[in-house]
Amino acid sequence: MIYTIHSYRLVIVLILIRLVWATLSITNRKEYMNSNWAISGSIPVQEMFALQELYLSTRGDEWTWRNSSHGEPWNFTANCNPCEEHWQGLTCEFDAQNSSQQIVDISLMYYNLNGTLPSSLVKLSKLERFVVSFNNIYGTIPPCLGNATALQYLQLSYNNLTGTIPASLGQLH
């Protein structure tokens, strides 16, 4: 075989990359990949933000968790993935177009949610079902929920919501 100078350079570069990669610990590899590339199967950042806003605005640290057969309690630590970790009350689907998981269902009936619904829920772009009945959600229904184009089923009964139903919810299919 005849190697040119360019092929030797390529081999040297590949060896260097492999050496650097091998020296990183498993944890550092995950952090590096998360900060530099979109990992196939992770959820979009804006969806993670929306979940965290829901958790914080409804006092998630006081939620009533089910046993482990229902999934894992929500945990917002570094490198968490609610879909892969099977968080309670969430259903995900893989979106091949974006190579990511998307939240399609949030069902948190009787979870002791106590607070208001954040407007960031609209960032859950593939959310089809949102069920939070039998909790202590108060305040008004965020009008922007009418902009959640994938939302087909919304159940907010048996809470302490006030005000009128936003006209924008009439846009849902």
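Let me start with charges: this structure holds 1 salt bridge. Before I go on, please keep in mind that we are looking at a predicted model.

The salt bridge is made by Asp 105 and Arg 129, and the closest N and O atoms of the two are 3.0 Å apart. Asp 105 belongs to strand E2 and Arg 129 to strand E4, so the contact joins distant parts of the chain, 24 residues apart. Is Asp 105 buried or exposed? Its relative accessibility is 11%, so Asp 105 counts as buried. Arg 129 has 33% and counts as partly exposed.

Both strands of that pair bring us to the first sheet on my list. It is an open sheet of 4 strands, in the order E1-E2-E4-E6, and the pairing is mixed. As a reminder, strands in a sheet pair through backbone hydrogen bonds, and they can do this parallel or antiparallel. Which strands are at the edges of this sheet? They are E1 and strand E6, residues 153-155, and each of these pairs on one side only. On average, neighbouring strands here are turned by 25 degrees against each other, if direction is ignored.

Take E1 and E2 in more detail. E2 covers residues 100-107, runs antiparallel to E1 and is joined to E1 by 6 bridges. To find the register on your screen, go to Leu 90: its bridge partner in E2 is Ile 106. A helix also packs on this sheet. That helix is H3, which touches E1, E2 and strand E4, residues 129-131. The direction of H3 makes about 25 degrees with that of E2.

There is another sheet to show. This one is open as well, with 3 strands in the order E3-E5-E7 and parallel pairing. Its edges are strand E3, residues 114-115, and strand E7, residues 160-161. Each of these has a single partner strand, so one side of each is left without a neighbour in the sheet. Strand E5, residues 136-139, runs parallel to E7, and 2 bridges join them. Gly 139 has Leu 161 as its bridge partner in E7.

Now the aromatic residues. How many aromatic pairs does the structure hold? There are 11. One of them is Trp 63 with Trp 74, an edge-to-face pair with 4.9 Å centre to centre and 70 degrees between the planes. Both residues lie in the loop between helix H3, residues 45-57, and strand E1, residues 90-95, so the pair ties together parts that are 11 residues apart in sequence. Trp 63 is buried, at a relative accessible area of 5%. Trp 74 is buried too, and its relative accessible area is 5%.

The next pair is Phe 76 and Trp 87. Why is this pair called edge-to-face? Planes over 60 degrees apart get that label, and here the planes are at 80 degrees, with the ring centres 5.1 Å apart, so the pair is edge-to-face. Phe 76 and Trp 87 both sit in the loop between H3 and E1, 11 residues apart. Their exposure is worth stating for each residue. Trp 87 is buried, with a relative accessible area of 2%, whereas Phe 76 is partly exposed, at 22%.

These two pairs are part of a wider group. Tyr 55, Trp 63, Trp 65, Trp 74, Phe 76, Trp 87 and Tyr 111 form one aromatic cluster. Tyr 111 has a further contact: the charged end of Arg 66 sits over its ring, 4.0 Å from the ring centre.

Last, some backbone angles. Most residues other than glycine have a negative phi. Which residues have a positive value here? Asn 112 is one of them, with phi near 65 degrees. Asn 112 lies in the loop between E2 and E3 and is partly exposed, with a relative accessible area of 36%. Phe 134 is another, with phi near 60 degrees. Its place is in the loop between E4 and E5, and Phe 134 is partly exposed at 29%.

To return to the start, the salt bridge to look up is Asp 105 with Arg 129, and the cluster to look up includes Trp 63, Trp 74, Phe 76 and Trp 87. That is what I have for today.

Key
Residues are numbered from 1 along each chain as its sequence is written. This is a predicted model: local features need pLDDT of at least 70, side-chain atom pairs count only at pLDDT 80 or more; totals for chains, interfaces and linings use all residues. Side-chain values use heavy atoms; hydrogens and water are left out. Rings of Phe, Tyr and Trp (its six-membered ring) pair if their centres lie within 6.5 Å; planes under 30 degrees apart count as stacked, over 60 as edge-to-face and the rest as tilted. Buried means under 20% relative accessible area, exposed over 50%, partly exposed in between (1.4 Å probe, protein chains only). A charge sits over a ring if NZ of Lys or CZ of Arg is within 6 Å of the ring centre and within 35 degrees of the ring normal. Two strands pair if DSSP finds at least two bridges between them. Axes are lines fitted to C-alpha atoms, for helices over the stretch in contact, and angles run from 0 to 180 degrees between N-to-C directions. Contact means heavy atoms within 4.5 Å. A salt bridge is a side-chain nitrogen of Lys or Arg within 4 Å of a carboxyl oxygen of Asp or Glu.
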